[in-house]
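Dear colleague,

Please find below the structure that I am handing over to you. My account of what was found in it follows directly after.

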Amino acid sequence: MRVIDAHHHVWDLAVRPQEWLDAPELAPIRRGFALAELLPHAREAGVDGTVLVQTVTVPEETPELLALAAEREAGGLVAGVVGWTELRDPAIADTLAALRALPGGARLSGIRHQVQGEADPHWLLRADVQRGLAAVAAAGLVYDLVILPHQLPAATRAAALRPELTFVLDHLGKPPIAAGQREPWARDLRRFAALPNTTAKLSGLVTEADWRHWTVADLRPYADVALEAFGPGRLMAGSDWPVCTLAAGYGRVMETAATLTGGLSRAERAAVLGGTASRVYGL
């Protein structure tokens with residue numbers, strides 16, 4: 001079984017600020033996090049490869065992530081990168097081609113934008129954004145969605161408009177686990193999952209739960225909805241390190257993913273824990 005952590009980050013505050021870390025509750029992770037820090041945790045957890053995901057909407061970050069993925073010091077850990085570029089740029093096709101030509105460019109697997117921070121709930125449906133999504137598909141990349149539950153309907157419409165593009169829903173759309181609510185999130189997730197070009201990540205759940213007191217039982221109803229909606233072949237596990245450390249260490253997060261899929265067959269577990277990510281991201 002090849003184990004893939006389908007979602008983690010790195011950042012260096014000496015290189016650029018991460019404004020999203022200014023929130024008081026994020027003080028414990030308001031420092032730099034490097035691949036060298038992750039590597040021993042990943043190896044101990046039996047992780048064979050990872051997908052490194054962007055954190056800021058600046059063009060300089062993606063080349064840096066690609067270069068990191070190509071470094072020997074990374075221990076061959078990073079198998080794919082989800083970067084950022086301006087979807088509304090008319091020259092996006094050229095930008096994506098230029099990224100592919102950079103050191104580590106062969107590891108570019110997808111593009112992401114912080115849609116969760118957009119005030120317009122229909123941002124994904126804008127004509128200029130749709131043109132950008134078409135360019136992402138034409139480049140053979142996938143599109144990661146980082147959204148909030150109320151944005152799921154627009155994401156579903158966007159995915160329906162772009163059947164040639166694979167959409168990857170990060171963190172199951174951030175369900176309100178701490179509040180113990182499942183609707184309308186579950187209904188909207190099922191509608192999103194009904195489209196064949198959609199997949200999702202079993203990631204980021206511990207930080208949507210009560211950081212101090214969460215249990216696997218708290219997460220299981222949400223994981224079960226996702227497993228039923230997407231099936232193991234369209235679901236992948238990710239740590240969301242280092243954000244996850246607000247609620248749990250790396251090893252516990254990866255162990256929790258294994259526990260939540262414990263009722264599946266060996267082949268199904270292999271899909272969620274690595275196979276789906278390898279196929280979707282072309283690792």
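Strands β1 and β2 pair in the parallel sense, over 3 bridges; please note that the model is a predicted one. Within this pairing, H8 has L52 of β2 as its bridge partner. Between the two strands the chain passes through helix α1 (residues 35–44), and this β-α-β crossover from β1 to β2 is right-handed. Strand β1 is largely enclosed by the rest of the structure, because 5 of its 5 residues are buried.

Strand β2 (residues 49–53) also pairs with strand β3 (residues 78–83), in the parallel sense and over 4 bridges. Here L52 stands opposite V81 in β3. As general background, the strands of a sheet pair through backbone hydrogen bonds, either parallel or antiparallel.

These strands belong to an open sheet of 8 strands with parallel pairing, in the order β1-β2-β3-β4-β5-β6-β7-β8. The edges are formed by β1 (4–8) and β8 (235–237); each has a single partner strand, so one side of each is left without a neighbour in the sheet. From one strand to the next, the twist averages 25 degrees. Helix α9 (residues 266–280) lies across β1, β5 (142–145), β6 (167–169), β7 (198–202) and β8, and runs at about 110 degrees to β8.

I turn next to the loop between β2 and α2 (61–70), where T55 is found. Is T55 buried or exposed? T55 has a relative accessible area of 7%, and residues under 20% count as buried, so T55 is buried. The side chain of T55 is joined to that of E61 by a polar contact of 2.9 Å. Leaving aside residues up to four places away in sequence, T55 touches H9, W11, Q18, W20, E61, R112 and Q114.

The nonpolar cores complete this account. In soluble globular proteins, nonpolar side chains tend to be buried together. The largest nonpolar core in this model has 81 residues, and those with the most contacts inside it are L87, Y143, L145, F192 and F230. Helix α7 (residues 216–230) gives the most to this core, with 8 residues. Another core, of 11 residues, lies apart from it and includes I4, A6, V142 and Y281. As for Y143, its contacts beyond four places in sequence include L87, I111, W123, L133 and F167.

Yours sincerely

Definitions and conventions. Residues are numbered from 1 along each chain as its sequence is written. This is a predicted model: local features need pLDDT of at least 70, side-chain atom pairs count only at pLDDT 80 or more; totals for chains, interfaces and linings use all residues. Side-chain values use heavy atoms; hydrogens and water are left out. Two strands pair if DSSP finds at least two bridges between them. Axes are lines fitted to C-alpha atoms, for helices over the stretch in contact, and angles run from 0 to 180 degrees between N-to-C directions. Contact means heavy atoms within 4.5 Å. Buried means under 20% relative accessible area, exposed over 50%, partly exposed in between (1.4 Å probe, protein chains only). A polar contact is a pair of N or O atoms within 3.5 Å; within protein, one must be able to donate a hydrogen and the other to accept it, and residues adjacent in sequence count only if both atoms are side-chain atoms. A nonpolar core is a set of buried Ala, Val, Leu, Ile, Met, Phe, Trp, Tyr and Cys residues joined through side-chain atoms within 4.5 Å. A crossover is right-handed if, with the strands pointing away from the viewer, the path from the first strand over the helix to the second runs clockwise.
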